[in-house]
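Student: I'd like to learn how to read a structure model at my desk. Could you walk me through a few features?

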Amino acid sequence: MSYYKLCAISKATGILRNYRKTRKKNPKTKEPYARRLQLTTCYGFKIKTIEKVLLLPFKPKQPLSIPLNAYVLGVLSEPNIQIRSVTLTNERLSISYSKEVEPIQPRGLIAIDRNLDNLAIADSDGHITKRNLANATEVKGRYSEIRSHMRRNDMRVRERVTGKYGRKQREKVKQIFHRASKEIVLDAKRKKFGVVMEKLTGIRKLYRKGNWQGRSFRGRMNAWSFAELQRQIEYKARWEGIPVIYVNPSGTSVKCSICGSRMKPEENRTLKCPSCGFTVDRDLNAARNILARGVRFAPFASASEAMVQEPQRRVILKVDADELAKSGS
Ligand SMILES: [Zn+2]
């Protein structure tokens, strides 16, 4: 039906745009094709609250009726919610909606520094903590091992297998991150803090940690997981009107967070400052430096106008109805 044409065209345009981009980098790029069957429409559908169904255009005067559960109906009837589009695939129905968010005026910041096996968090109230992420790293280790046992020269088979395990692994890591990001954002909301994180520049952070090679599967996985955590924190924060800023992280791991001198590594991942004598855990020191940069960048306390955030920004989130029903978050 014509309702679906517009989104099909825009999907195709997106695929082509990506193709042109990758072809510039690699002229051998294969011709693209749409992998997944899906229908998306931004109009023509109806949600019937009393009948508890979603009606999708199907045949003239014969819409397809899909039942919605109470949770989904509840979310969609919240104030300031606008339904944007509906996507139907083989397995699931996704409903995208947006919410008009009133940005909060933060009284301080909470800085988050992601390391290979932990999150270091420092906030304007002077609290510094670490959150263990070793279980995320563990998951990765386990799956990498499974993969390394599969030696087959057939590239197609290997790609498929890697893809499958890669996907499973990403889902596990995502789940671990969802808990962490949810708690961090709740904490920021309670304390009325904005969030500051480091701008990911790819290579640099990887060198700094020095634990693995950038091109390995593990490396790609980790690069992905750094970005995934930021993505989660950012969208959850924005959904609550909490500003998110990114700062340049260069030097944050070696400079003293009190006097700015270059620090010397000591035992057990601690650093000592030769000028002021400050001794601190290196991850916490980095988080404190990121916090200080954030405060300089966005001095909320005095002039909140200086923020580099568009106020009243409309946040558009794609929310999966199944996932919502399961997690209740
Ligand atoms: Zn110092």
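Tutor: We'll take the metal site, a small sheet, some backbone angles and the cavities in turn. Keep in mind that this is a predicted model, where local features need pLDDT of at least 70, side-chain atom pairs count only at pLDDT 80 or more, and totals for chains, interfaces and linings use all residues. Residues are numbered from 1 along each chain as its sequence is written, and side-chain values use heavy atoms, with hydrogens and water left out.

Student: Let's start with the metal. Which atoms are the protein donors of the zinc ion?

Tutor: Donors are N, O and S atoms within 2.8 Å of the metal (3.2 Å for Na, K and Ca); water is not among the atoms, so sites may look incomplete. Here the SG atoms of Cys256, Cys259, Cys273 and Cys276 do the job, 2.2 to 2.3 Å from the zinc ion. Along the chain the spacing reads C-x2-C-x13-C-x2-C. Cysteine 256 sits in the loop between strand 11 (244-247) and strand 12 (264-265), while cysteine 276 is 20 residues away in the loop between strand 13 (270-272) and strand 14 (279-281), so the pair links distant parts of the chain. Strands (E, at least two residues) and helices (H or I, at least four) are DSSP runs, numbered from the N terminus.

Student: What arrangement do the four donor atoms make around the zinc ion?

Tutor: Four donors count as tetrahedral if all angles lie between 85 and 135 degrees. The angles here are 102 to 120°, so the arrangement is tetrahedral.

Student: Are cysteine 256 and cysteine 276 buried or exposed, or what else?

Tutor: Buried means under 20% relative accessible area, exposed over 50%, and partly exposed in between (1.4 Å probe, protein chains only). Cysteine 256 is buried because its value is 3%, whereas cysteine 276, at 38%, is partly exposed.

Student: How do I read the sheet with strand 13?

Tutor: Two strands pair if DSSP finds at least two bridges between them. This open sheet has three strands in the order 12-13-14, paired antiparallel. Strand 12 and strand 14 are at the edges with a single partner strand each, so one side of each lacks a neighbour in the sheet. Strand 13 and strand 14 share three bridges, and leucine 271 stands opposite valine 280 in strand 14.

Student: What should I look for in phi?

Tutor: Most residues other than glycine have a negative phi. Lysine 192 has a positive one, about 55°, and lies in the loop between helix 4 (155-191) and strand 10. Its relative accessible area of 42% makes lysine 192 partly exposed. Asparagine 268 also has a positive phi of about 55°; its loop runs between strand 12 and strand 13, and at 71% asparagine 268 is exposed.

Student: Last one: how many cavities of 30 Å³ or more are there?

Tutor: On a 1 Å grid over the protein atoms alone, a cavity is a set of points where a 1.4 Å probe fits but cannot get out; lining residues have an atom within 4 Å of a point. Grid points are joined across faces, edges and corners, and a volume is the space filled by probe spheres set on the points. The structure holds two such cavities, and the largest has a volume of about 50 Å³. Its lining includes Ile112, Arg114, Met197 and Phe226. Strand 7 (108-114), strand 10 (193-198) and helix 6 (217-239) each supply at least two lining residues.

Conventions: 1 Å grid on protein atoms, 1.4 Å probe; cavity = no way out; pocket = protein on both sides within 12 Å on 5 of 7 lines; lining within 4 Å. Tetrahedral: all angles 85-135°; square planar, octahedral: opposite > 155°, others 65-115°.
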